[in-house]
Amino acid sequence: DSWDLFWQTAPMDLLLENPLQSIYYFHAQPPVYNLLGSIVGQLFYSNYLEVIYTINIVLGILMVMISGYMLKHLISNSILTNIILFFIALYPPLFVWEAHIIYTHLSAFMVILCIFWILRFSITNQLRYIYLFVIIQNILILTRSFFHPILLLIGLIIILFCLPHKRLKVAFWSMIISSTTFIFLLKNLVVFGFIGLSSWQGMNLYNIVANGYSTSELEALANEGIIDQIIVEQMVFQLPSTYESYGYTETSTIPVLNMNDRNNINYVAISKIYGKNAVILIKRNPERYLKNILIAFIYYSRPSTREKAVVPNADLMGLHEQIYKSVIGAYIGPARWELPIMSFVLPIIFCVYFVQSAIQGRLSFSRWQLYVRQDMVMVFIFGFIIYGVLVGTFFELDENARFKYLTEIPQLIFITVVIYRLNLRRYVRQLRLKGTTMPG
């Protein structure tokens with residue numbers, strides 16, 4: 001891997017020469033990972049890749065340790081906890097993705113860390129852990145555009161729903177902590193004219209929406225004036241020089257905006273064109289979009305080690321990764337309709353969890369509030385997983401398995417706990433015991 005090979009990073013020479021300007025004007029992705037790259041590059045220029053890899057290894061070890069802590073508090077069976085923890089410690093995606101220089105592994109770690117702070121709050125009832133959760137969630141959102149700022153609002157609503165008191169105080173300080181995220185959102189709106197933390201949103205959406213359309217179909221729509229000709233003639237994510245003949249010729253005196261890459265000053269407008277046409281195609285034929293979402297979910301359900309970017313690393317693992325691939329990546333069903341086993345497991349586990357929750361919450365608001373308060377950790381694990389599934393399938397087609405890795409360890413924990421709770425009597429007894437230590 002090399003830093004400059006990735007579209008999501010600013011060139012290292014610019015991060016070394018003028019880091020603040022390069023990070024500020026980098027609209028393709030949020031700022032945190034480029035900031036990390038700049039710091040590591042400044043301190044360890046000749047060995048910065050090795051340093052980032054070492055950081056990733058440390059994060060992988062911490063992910064295993066945090067997973068063990070979670071399992072210990074979610075499952076009262078120490079033997080089962082140790083078995084699952086051993087499985088996680090040897091989990092091939094951890095080794096494969098920590099050797100991949102881009103921000104995927106770091107983001108997966110921050111998801112685990114967010115859940116850890118929620119667990120600490122549920123044990124101690126100390127508000128400082130809520131603020132730590134909000135801090136890490138903001139850093140996560142400012143690291144990877146996959147995590148939209150709407151997560152801040154959703155997380156805060158759940159927290160306030162669970163708190164019996166000090167809601168205004170928590171809401172106030174959470175908004176103060178989140179001000180940096182909103183500053184970057186405002187910066188992109190004022191400087192570049194879009195709302196979000198990545199200018200690629202339009203291209204990502206078009207990539208999944210247009211799947212399955214033939215060139216002749218798109219050409220016919222363009223001839224009718226329904227869609228723009230540019231999207232018929234050019235695939236998404238071409239270099240900006242490809243679009244010069246369509247009038248995208250703006251230049252900039254700022255180096256990071258004037259290169260022939262996906263952070264070029266013209267790329268914001270180019271991506272908007274693809275996004276506009278994606279919305280048109282969805283409105284004209286929503287069924288095709290839904291079909292592509294199902295295809296994306298099948299891709300999402302595949303082993304994350306088979307994502308094309310990390311296949312060379314995975315192949316080096318030999319039998320270790322092959323066993324994982326043959327289990328997690330097993331296909332079931334008739335030959336014509338074979339699907340990855342995880343495309344069945346996740347929906348079934350979600351349904352079981354809903355039933356378990358409904359039994360506890362019933363139709364009473366107060367019972368639901370008590371239940372969510374008692375089971376906060378699982379609620380947040382479920383929230384991160386379902387968010388990952390929805391965003392990873394509604395807005396992307398191709399790298400879906402890479403998105404799965406972001407919540408893959410929480411998925412293992414979630415599946416284990418849901419299955420463990422099938423012993424309903426033991427599950428109710430655990431909740432009652434926890435209820436005696438909750439605030440309020």
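Reader: Which residues lie nearest the centre of the largest pocket?
Author: Trp 200, Asn 204, Phe 237, Glu 396 and Phe 403, out of 50 lining residues. A pocket here is an open set of points on a 1 Å grid over the protein atoms alone, where a 1.4 Å probe fits, with protein on both sides within 12 Å along at least five of seven lines; lining residues have an atom within 4 Å of a point. This is a predicted model, with local features needing pLDDT of at least 70 and side-chain atom pairs pLDDT 80 or more, while totals for chains, interfaces and linings use all residues. Numbering runs from 1 along each chain as its sequence is written, and side-chain values use heavy atoms, without hydrogens and water.

Reader: Which helix gives the most to that largest pocket's lining?
Author: Helix 15, with six residues. Helices are DSSP runs (H or I, at least four residues), numbered from the N terminus. Helix 12 (201-209), helix 21 (376-394) and helix 22 (400-405) also give two or more residues each to the largest pocket.

Reader: What about space in there?
Author: About 1,200 Å³, taken as the space filled by probe spheres set on the points, joined across faces, edges and corners.

Reader: OK, switching. What's the volume of the second largest pocket?
Author: About 400 Å³. Of its 21 lining residues, Ile 158, Val 379, Phe 382, Gly 383 and Ile 386 are closest to the centre.

Reader: And which helix gives the most to that lining?
Author: Helix 21, with nine residues. Helix 8 (128-141), helix 9 (150-162), helix 19 (342-361) and helix 20 (365-374) each supply at least two.
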